[in-house]
Amino acid sequence: MEQDPWSFGQACGPLAGVDLTGWRVEAVDGHIGEVDEHSDETGNAFLVVDAGGWIFGKLLIPAGAVERIDHTACTLHLSLRKGQVEDAPQFLPDRHVADREYREDVVSYYWKAGPC
């Protein structure tokens, strides 16, 4: 893994003060959902994506999986395929930030499932 999975890469540009809530999230092969909440804190950056009807519930995606951000189109592009996201560990809102083991499971899944 080349970068910290919990930090946005340099290709994403500056994000301080940018509210990503409601922005589109695209996998390599199609639409995933919209950002429900996010953090841009270095070393603790993540997206909570509402997948709508495509996948039941929400997903936690480490910021390192974001390949690029299109500020004009309000869209985040992931380095993941839809199938990788579809089979990801269940989002647990009461654990996603505080539980180190859960966060490690999420990172392990995404980085094992394919390149990020």
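Six strands make up an open sheet here, lined up in the order E4-E3-E2-E1-E6-E5, and the pairing between them is mixed. Keep in mind that this is a predicted model. A handy way into the fold is Val49, which sits in strand E3 (residues 46-50). Let's look at the sheet, then at Val49, and then zoom out to the whole chain.

**The sheet and its edges**

- Strands in a sheet pair up through backbone hydrogen bonds, and they can do that parallel or antiparallel.
- In this sheet the pairing is mixed.
- Strand E4 (58-62) and strand E5 (66-70) are the edge strands: each has a single partner, so one side of each has no neighbour in the sheet.
- On average, neighbouring strands of this sheet are turned by 35° against each other, ignoring direction.

**How the strands pair up**

- Start with E1 and E2: they run antiparallel, and 4 bridges join them.
- A hairpin with 2 residues links E1 to E2.
- Across that pair, Glu26 stands opposite His31 in E2.
- Next come E2 and E3, which are also joined in the antiparallel sense, by 5 bridges.
- The hairpin of E2 and E3 has 6 residues between the strands, and in it Gly43 takes a positive phi near 85°.
- Two of the residue partnerships to look for are Val35 with Val49 in E3 and Glu34 with Asp50 in E3.
- On to E3 and E4: these two pair antiparallel over 5 bridges.

**A closer look at Val49**

- Is Val49 buried or exposed? Val49 is buried, because its relative accessible area is 0%, and the cut-off for buried is under 20%.
- Strand E3 as a whole is mostly covered, with 4 of its 5 residues buried.
- Val49 has a bridge partner in Val35 and stands opposite Leu59 in E4.
- If you skip the neighbours within four places in sequence, which residues does Val49 touch? Val49 is in contact with Val25, Ile32, Gly33, Glu34, Asp36, Gly57, Lys58, Leu59 and Ile61.
- Val49 and Glu37 are 12 residues apart in sequence, and their C-alpha atoms are 7.2 Å apart in space.

**The nonpolar core**

- The largest nonpolar core holds 36 residues, and the ones with the most contacts inside it are Phe8, Leu47, Ile61 and Leu76.
- Which elements give two or more residues to this core? They are strand E1 (24-27), strand E2 (30-39), E3, E4, E5, strand E6 (75-78) and helix H2 (100-113).
- H2 provides the largest share of the core, 6 residues.
- Take Ile61 as an example: leaving out neighbours within four places in sequence, Ile61 is in contact with Phe46, Leu47, Val49, Leu78, Leu80 and Tyr110.

**The whole chain**

- How many helices and strands are there? The protein chain has 2 helices and 6 strands.
- Reading from the N terminus, the elements go β-β-β-β-β-β-α-α.
- The C-alpha trace spans about 35 × 30 × 25 Å along its principal axes.
- For 116 residues, a compact globule would have a radius of gyration near 13 Å, and the protein chain has 13 Å, so the two agree.
- Buried residues account for 46% of the 116 residues.
- The accessible surface comes to about 6200 Å², and 48% of that belongs to carbon and sulfur atoms.
- Of the contacts between residues at least 6 apart in sequence, 54% join residues at least 24 apart.

Methods
Residues numbered from 1 in each chain as written. Predicted model: local features only at pLDDT ≥ 70, side-chain atom pairs only at ≥ 80, totals over all residues. Heavy atoms only, no water. Buried < 20%, exposed > 50% of the residue type's maximum accessible area, 1.4 Å probe, protein only. Contact = heavy atoms within 4.5 Å. Pairing = 2+ DSSP bridges. Axes fitted to C-alpha atoms, helices over the stretch in contact; angles between N-to-C directions. Rg over C-alpha atoms; globule rule 2.2 N^0.38 Å. Areas by Shrake-Rupley, 256 points an atom, 1.4 Å probe, with all protein chains shown as cover. Core = buried A, V, L, I, M, F, W, Y, C linked by side-chain atoms within 4.5 Å.
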